[in-house]
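Visitor: I would like to go through the place where the ligand is bound and ask how each label is earned.

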Amino acid sequence: MKSEILTALRNTKEYVSGQELCEKLGVSRTAVWKGMKKLKEEGYQIEAIPNKGYRLMESPDVLNAEELESIRKTAWAGKQIVYYHVTDSTNIQAKRLAEEGFPHGTLVVAERQESGRGRRGRFWESPEHAGVFMTILLRPDFEPKQASMLTIIAAMAVTKAIQTMMQLSAKIKWPNDIVLNDKKICGILTEMSTEMDAINYVVIGIGINVSNRQFGEEAAKIATSIAIESGMQVHRAELIESVWEWFEFYYDRFCKDGDLESIRKEYDACLVNRDRQVRILDPKEPFVGIAKGITKTGELIVETEEGMKQVSSGEVSVRGIYGYV
Ligand code: ATP
């Protein structure tokens, strides 16, 4: 009920009367009144004017299924939301739900993760009320080798959401990090399950540092948050909504084209190390060069003394010559 009331309030610019709500939702006046009371207790500021009705003035920065559902404008991404206040990791939960048969587009969101992970099993700091921790479950019908391109799409989506919602100059550190002022505000972890030569499912986990004020020893050298860099207070549910709207936009383009050709220019413009010297930490053969952009299949193009090289994401990390970027 709370979610329906919230949606109705959000869809009305002016006031919505108690009577309208009753009719729309098919419930009694008392039920509407109780729903309003609950929302107010949770921190929603709702103006109630006799003979006019209710109006949503302000929403608290809460993450729960009702808040996310009432704010959702996407066509399929996050159509079904599974919310946890605390969980081990949203990727782990998404994989479990995938095995249970949950549909394409299911979104798992948590307020806190106890064992959030980055690539190669590295710990991802996921404190309560400070970040966005979410994973989308996809069941694409393209080939497994195309799945790594989804990380590129997710990185574009997060970058665009931050750029357009906050007018901040978020950039991408290929392939899976988003940076603000050369420090990391977001990590993306894509995992896939295949059967024979087909994708069974893909999960894309996204962790965004929103209002963190400090980080543990290891992350402190490279991490920052939107609040630290800009002083902005972000309504996380709106950020989540924006990320998935952009994701749908790029994903649909990708599915139509089968590659990243139509996204490439835009991506390259967001690439933080573009035309900068980078160290490619390839476990087999590390090398140095100048990052130029990506190929239409998502490899990083690096100009080296021996000519142009293409780096595929896999186990490779990219660093600046003097530090993280
Ligand atoms: P790279 O490829 O550049 O080496 P990565 O993309 O593999 O990095 P991830 O695996 O995505 O890195 O993230 C894990 C690392 O990120 C950890 O080792 C830690 O240093 C750092 N980290 C952990 N939590 C956070 C956080 N909340 N924000 C930013 N960085 C973090």
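Visitor: What makes α7 (217-220) and β14 (317-320) part of the account of the shell around the ligand?
Guide: In this predicted model, α7 and β14 each supply at least two residues of that shell. A residue counts as near the ligand if one of its heavy atoms lies within 4 Å of it. The ligand is surrounded by 19 residues, with Arg119, Arg122, Asn209, Glu218 and Arg319 the closest.

Visitor: Which classes of residue make up the shell around the ligand?
Guide: The shell has nine charged, six nonpolar and four polar residues.

Visitor: Why is the pair formed by the ligand and Lys173 called a polar contact?
Guide: The cut-off for a pair of N or O atoms is 3.5 Å. An oxygen atom of the ligand is 2.8 Å from an N or O atom in the side chain of Lys173, so the pair qualifies. For Asp177, a side-chain N or O atom is 3.1 Å from an oxygen atom of the ligand, so this pair qualifies too. A nitrogen atom of the ligand is 2.9 Å from a polar backbone atom of Glu125, and therefore also meets the cut-off.

Visitor: How much of the ligand does the protein cover?
Guide: On its own the ligand has 640 Å² of accessible area, and the protein covers 97% of that.

Visitor: How do you know where the ligand sits?
Guide: The test is that more than half of its atoms lie within 2 Å of the grid points of a pocket. The ligand sits in the largest pocket, which holds about 710 Å³ of space. Its lining has 37 residues, and Gly118, Arg122, Phe123, Trp124 and Lys184 lie nearest the centre.

Notes:
Residues are numbered from 1 along each chain as its sequence is written. This is a predicted model: local features need pLDDT of at least 70, side-chain atom pairs count only at pLDDT 80 or more; totals for chains, interfaces and linings use all residues. Side-chain values use heavy atoms; hydrogens and water are left out. A polar contact is a pair of N or O atoms within 3.5 Å; within protein, one must be able to donate a hydrogen and the other to accept it, and residues adjacent in sequence count only if both atoms are side-chain atoms. Accessible areas come from the Shrake-Rupley method with a 1.4 Å probe; for residues, only the protein chains shown count as cover. On a 1 Å grid over the protein atoms alone, a cavity is a set of points where a 1.4 Å probe fits but cannot get out, and a pocket is an open set with protein on both sides within 12 Å along at least five of seven lines; lining residues have an atom within 4 Å of a point. Helices (H or I, at least four residues) and strands (E, at least two) are DSSP runs, numbered from the N terminus. Ala, Val, Leu, Ile, Met, Phe, Trp, Tyr, Cys and Pro count as nonpolar, Asp, Glu, Lys and Arg as charged, and the others, Gly among them, as polar. Grid points are joined across faces, edges and corners, and a volume is the space filled by probe spheres set on the points.
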